[in-house]
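Me: I should like to learn how to read the pockets, the cores and the overall form of a protein model. Please take me through them in turn.

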Amino acid sequence: MIELTDLPDNWSLVELGDIFSWASGKGLTQKQMSDDGEYAVYGGNGVAGFHSDWLCETESLVIGRVGAQCGNVHIAPIKSWITDNAIYASSINIPINLKYFHNLLKYRKLNELAGGSGQPYVSQSLLNPVKVPLPPLNEQRRIVSTIEQLTDRSHKARVALADVPKLIAQFRQSVLAAAFRGDLTADWRKKNPDVEPASELLERIKIDRRKRWEESSKLQYKPPQNIEIDRLPKLPESWSWGSLDQLLYSLRNGLSRKPADEMPGIPILRISALRSMNLDINDIRFYRPEDNENVESYFLDEGDLLFTRYNGNREFVGVCGRVNQISGKLLHPDKLIRGRVISSELFDSRFLEIVCNSGISKKHIESYVKTSAGQHGISGSDLKTTPIPIPPICEQRKIVEIVTMQLITIKSIEDITASYFIDSQQLDRSILAKAFRGELVPQDPNDEPAAALLERIRAERDRTSTTKQRGKTTRKNSSKQLSIDLE
């Protein structure tokens with residue numbers, strides 16, 4: 001709360017009721033509004049439409065009265081309609097700057113004063129005792145001018161910052177595209193011409209895949225699905241196209257029975273734990289096996305890949321994340337598909353995680369997402385046909401190293417941008433705080449003190465209150481008199 005001793009000598013701390021008289025707006029249905037109406041209609045959340053008539057002849061301070069909009073503050077222009085979702089007051093015949101009070105009451109957060117045990121509301125009786133700082137009139141004008149200049153700059157900065165995430169996303173995609181065209185490692189290939197080409201690597205992968213399948217599964221071995229490569233982009237000479245199925249010896253769904261939110265039980269991932277190239281192993285629930293239920297085959301190992309099989313949000317379906325670190329037992333649910341990659345000596349699962357979240361591989365996965373009853377999903381059989389660019393194993397590791405460093409840099413830029421955006425919002429708040437402490441603009445000893453200004457305001461209100469029908473405005477229809485009670 002602002003105290004009188006905190007303010008400059010020529011300021012005063014006053015109650016809103018010393019400055020304004022409030023009036024309630026008048027109801028207006030949606031049918032009574034029209035797009036071709038001449039006069040703006042203001043509710044608790046600003047302009048709600050237009051109308052052929054006006055209620056308030058003067059520029060007015062409008063405050064949301066009820067519900068989620070209570071405490072919102074707007075300035076309605078000359079000749080506007082105020083609905084019964086708001087209360088309003090005008091500065092007519094009162095020597096104040098209305099924009100000063102507009103900024104002041106937005107800063108004051110009137111919604112925090114809201115009464116009501118159910119639906120919150122702001123009433124005239126709640127507003128009147130609110131204490132506010134009153135500067136000299138000329139200083140009010142200087143404060144408003146400075147606020148507008150400074151907040152305009154911060155707004156322009158936020159607009160510029162809002163474009164940065166799109167640019168970052170484009171940069172990220174260009175980095176990944178360059179990686180899987182072989183551009184990022186073009187110089188590396190020139191310096192390392194004698195590496196084993198992917199065509200030979202694939203033969204060794206074929207042998208390893210069958211060996212691991214037969215060691216881990218009782219099912220009859222199934223050869224990997226091949227893909228049509230004729231329409232796929234050309235790769236560097238030492239690279240080859242392959243399918244995701246060629247690089248995995250196991251691909252299976254998780255446990256379908258609903259887990260518990262609390263212990264006891266074995267930790268099992270939530271579907272929300274998986275996002276593109278990110279797996280939060282702490283986002284878990286707890287699975288309680290039934291008697292004689294064997295869950296051993298559903299445990300996750302480091303290096304496993306997970307794909308989102310079902311989600312209400314299409315954006316998250318088919319995204320891939322790698323299990324990087326794991327301690328203890330951790331299960332995966334039915335809405336996540338687990339893929340196990342062949343030997344790390346032959347293929348880098350980190351490389352595969354990046355590939356599946358970018359470029360042609362990602363587009364292929366997205367093209368196979370299907371929608372049913374509001375849920376989006378993809379099958380394991382469709383995932384298996386995903387085309388994967390396959391470099392030599394040592395080049396895979398080099399690409400992972402370069403891309404990882406680039407993504408760290410990109411993440412740093414994202415964090416800095418987000419921080420600047422928050423700082424700019426806090427800057428606006430800081431500007432207002434300084435303004436209403438009297439620290440934003442210098443005081444002018446020649447200004448009329450606020451105490452004298454307050455006496456003029458009171459005298460004007462006393463004078464107008466003794467005049468019959470003072471505070472009422474004649475609308476276009478002279479037979480109707482609507483009280484605005486604003487002076």
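**Pockets, cores and overall form**

Reply: Let us begin with the largest pocket, bearing in mind that this is a predicted model. At least two residues of the lining of the largest pocket come from each of α4 (137–181), β14 (278–279), β18 (320–322), α8 (349–356), α9 (359–367) and α11 (393–435).

Me: Which element gives the most to the lining of the largest pocket?

Reply: That element is α11, with 6 residues.

Me: How many residues line the largest pocket, and which lie nearest its centre?

Reply: The lining has 30 residues, and R172, S276, M277, N278 and N357 are those nearest the centre. The space in this pocket is about 850 Å³. By class, its lining residues are 12 nonpolar, 8 polar and 10 charged.

Me: How should I describe the second largest pocket?

Reply: One may proceed in the same order, from volume to lining. The second largest pocket holds about 500 Å³ of space. Its lining is made of 18 residues, with S217, L219, Y249, S250 and L251 nearest the centre. Two or more lining residues are given by each of α6 (198–216), β11 (248–253) and β19 (336–341). Of these, β11 has the largest share, 5 residues. The lining divides into 5 nonpolar, 5 polar and 8 charged residues.

Me: What is meant by a nonpolar core, and which residues touch the most other members of the largest one?

Reply: A nonpolar core is a set of buried nonpolar residues joined through side-chain atoms within 4.5 Å. The largest core here has 42 residues, and F347, L352 and I388 touch the most other members. With neighbours within four places in sequence left aside, L352 is in contact with L244, L247, L248, L305, V341, F347 and I388. There is also a second, separate core of 41 residues, including I75, V130, L432 and F436.

Me: How many helices and strands does the protein have, and why is it described as more spread out than a compact globule?

Reply: The protein has 12 helices and 24 strands. Its radius of gyration is 34 Å, whereas the globule rule gives 23 Å for 487 residues; the value is well over the rule, and therefore the protein is more spread out than a compact globule. The C-alpha trace spans about 100 × 55 × 50 Å along the principal axes.

Me: What share of the residues count as buried?

Reply: Of the 487 residues, 46% count as buried. As for contacts with a separation of 6 or more, 74% are between residues 24 or more positions apart.

Technical notes:
Residues are numbered from 1 along each chain as its sequence is written. This is a predicted model: local features need pLDDT of at least 70, side-chain atom pairs count only at pLDDT 80 or more; totals for chains, interfaces and linings use all residues. Side-chain values use heavy atoms; hydrogens and water are left out. On a 1 Å grid over the protein atoms alone, a cavity is a set of points where a 1.4 Å probe fits but cannot get out, and a pocket is an open set with protein on both sides within 12 Å along at least five of seven lines; lining residues have an atom within 4 Å of a point. Grid points are joined across faces, edges and corners, and a volume is the space filled by probe spheres set on the points. Helices (H or I, at least four residues) and strands (E, at least two) are DSSP runs, numbered from the N terminus. Ala, Val, Leu, Ile, Met, Phe, Trp, Tyr, Cys and Pro count as nonpolar, Asp, Glu, Lys and Arg as charged, and the others, Gly among them, as polar. Buried means under 20% relative accessible area, exposed over 50%, partly exposed in between (1.4 Å probe, protein chains only). Contact means heavy atoms within 4.5 Å. The radius of gyration is taken over C-alpha atoms; the globule rule is 2.2 Å times the number of residues to the power 0.38.
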